[in-house]
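Trainee: Could you take me through one part of this protein closely, namely the sheet and what packs against it? I would like a connected account rather than a list.

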Amino acid sequence: MSRTERLRRRRGVLVTGLVLVAGVGLGGTAIATADPEQSRVAKQAHAEPAVPGTPCAASVRACVDLETRQAWLVRDGKVTGGPFRVTTGGEGKATPVGHSFRVYRKEADHRSGEFPGPDGRPARMPWSVFFADGGIAFHGGDLSRESAGCVKLGARDAKRFFETLQVGDKVQVVNGSVERRHRAEARGRV
């Protein structure tokens, strides 16, 4: 490993540590719980009004519904883009559910350090917007193939997410029907 690669890796570890601390400090949950729907953060999200047309809370900037494989960009509780078609993690590499992920890094021309592409070289992850532990990001890619946990978008849509989302922005990744049920329960409608 070259000196540059070692420095880049150390910087990544440092950034990840800072994100963990910041995520918790911002009221997020950077550390997964056994049941993400039962966490304090999830319960706070369920009590918030939902963004019309999405299963997510009004305070988010990006919303992903794993069941419908759709994503939205949001501002001030209103949809500003979407629904966008997405591909998410497959068997054994599921995209994590979370109610208060935070964007912690952006990289326009990222290559995976963990997963090879179809050609055996590090997989391209254009327009990467990292928001969850383990290098989980929104990025451009082939929508006909499941991801290794990331949320893949078409190239144009991935660029829009990259240009719109900023470090610190809140991201929710949910199963829509589960989220709607928990919202109804939080409001005593079940």
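Mentor: Two strands are taken as paired if DSSP finds at least two bridges between them, and the account of the sheet below rests on that criterion. Please keep in mind that this is a predicted model.

To place the sheet in its setting, the protein has 4 helices and 9 strands, and from the N terminus on its elements run α-α-β-β-β-β-β-β-β-β-α-β-α. Of the 190 residues, 43% count as buried. Among contacts between residues at least 6 apart in sequence, 57% join residues at least 24 apart.

The sheet itself is open and has 5 strands, in the order β3-β2-β1-β9-β4, with mixed pairing. The strands β3 (78-85) and β4 (98-102) stand at the edges, and each has a single partner strand, so one side of each is left without a neighbour in the sheet. On average, and with direction ignored, neighbouring strands of this sheet are turned by 20° against each other.

I would begin with β1, which in the strand order stands between β2 and β9. Towards β9 (residues 170-174), strand β1 (residues 62-65) runs parallel, and 4 bridges join the two; in β9, A62 has V171 as its bridge partner, while V64 has V173. Towards β2 (residues 70-75), β1 runs antiparallel, again with 4 bridges; here A62 is partnered by L73, and D65 by Q70. A62 therefore appears in both pairings, with V171 in β9 and L73 in β2. Both faces of β1 are covered as well, since A62 and V64 on one side and C63 and D65 on the other are all buried.

The connection from β1 to β2 is a hairpin with 4 residues between the strands, and R69 in its turn has a positive phi of about 55°. From β2 the sheet continues to β3, which runs antiparallel to β2 and is joined to it by 5 bridges. R75 stands opposite K78 in β3, and these two strands form a hairpin with 2 residues between them, in whose turn D76 has a positive phi of about 55°.

The turn residue R69 leads to another detail, because R69 is one of the residues in contact with G89 once the neighbours of G89 within four places in sequence are left aside; the others are A94, T95, S147, G149 and C150. G89 lies in the loop between β3 and β4, and at 14% relative accessibility it counts as buried, the cut-off being under 20%. The C-alpha atoms of G89 and G149 are separated by 3.9 Å, although the two residues are 60 apart along the chain.

Turning to what packs on the sheet, helix α2 touches β4 and β9, and its direction makes about 105° with that of β4. The buried residues of α2 are V41, A42, A45 and H46. Seen down the axis of α2, these buried residues fall within an arc of 140°, so they line one face of the helix. On the other side of α2, R40 and A47 are exposed. The cover over the buried residues of α2 includes β4, β9 and also α4, and that brings a second helix into the picture.

Two packed helices are described by the angle between their axes and the distance between the axes. For α2 (residues 40-47) and α4 (residues 176-186), the axes come within 8 Å and cross at roughly 75°, which makes α2 roughly perpendicular to α4. In this contact A45, H46 and A47 of α2 meet E179, H182, R183 and A186 of α4, and the residues involved divide into 3 nonpolar, 2 polar and 2 charged. A45 and H46 are thus listed both among the buried residues of α2 and among those that meet α4, whereas A47, which also meets α4, is exposed.

For comparison, helix α3 (residues 155-164) also has a buried side: A158, F161 and F162 are buried. Seen down the axis of α3, these residues fall within an arc of 100°, so they line one face of the helix, and the face turned away from that buried side carries the exposed residues R156 and E163.

How values were computed. Residues numbered from 1 in each chain as written. Predicted model: local features only at pLDDT ≥ 70, side-chain atom pairs only at ≥ 80, totals over all residues. Heavy atoms only, no water. Axes fitted to C-alpha atoms, helices over the stretch in contact; angles between N-to-C directions. Parallel < 35°, antiparallel > 145°, perpendicular 65-115°, else oblique. Contact = heavy atoms within 4.5 Å. Nonpolar A, V, L, I, M, F, W, Y, C, P; charged D, E, K, R; others polar. Buried < 20%, exposed > 50% of the residue type's maximum accessible area, 1.4 Å probe, protein only. Arc of directions from axis to C-beta.
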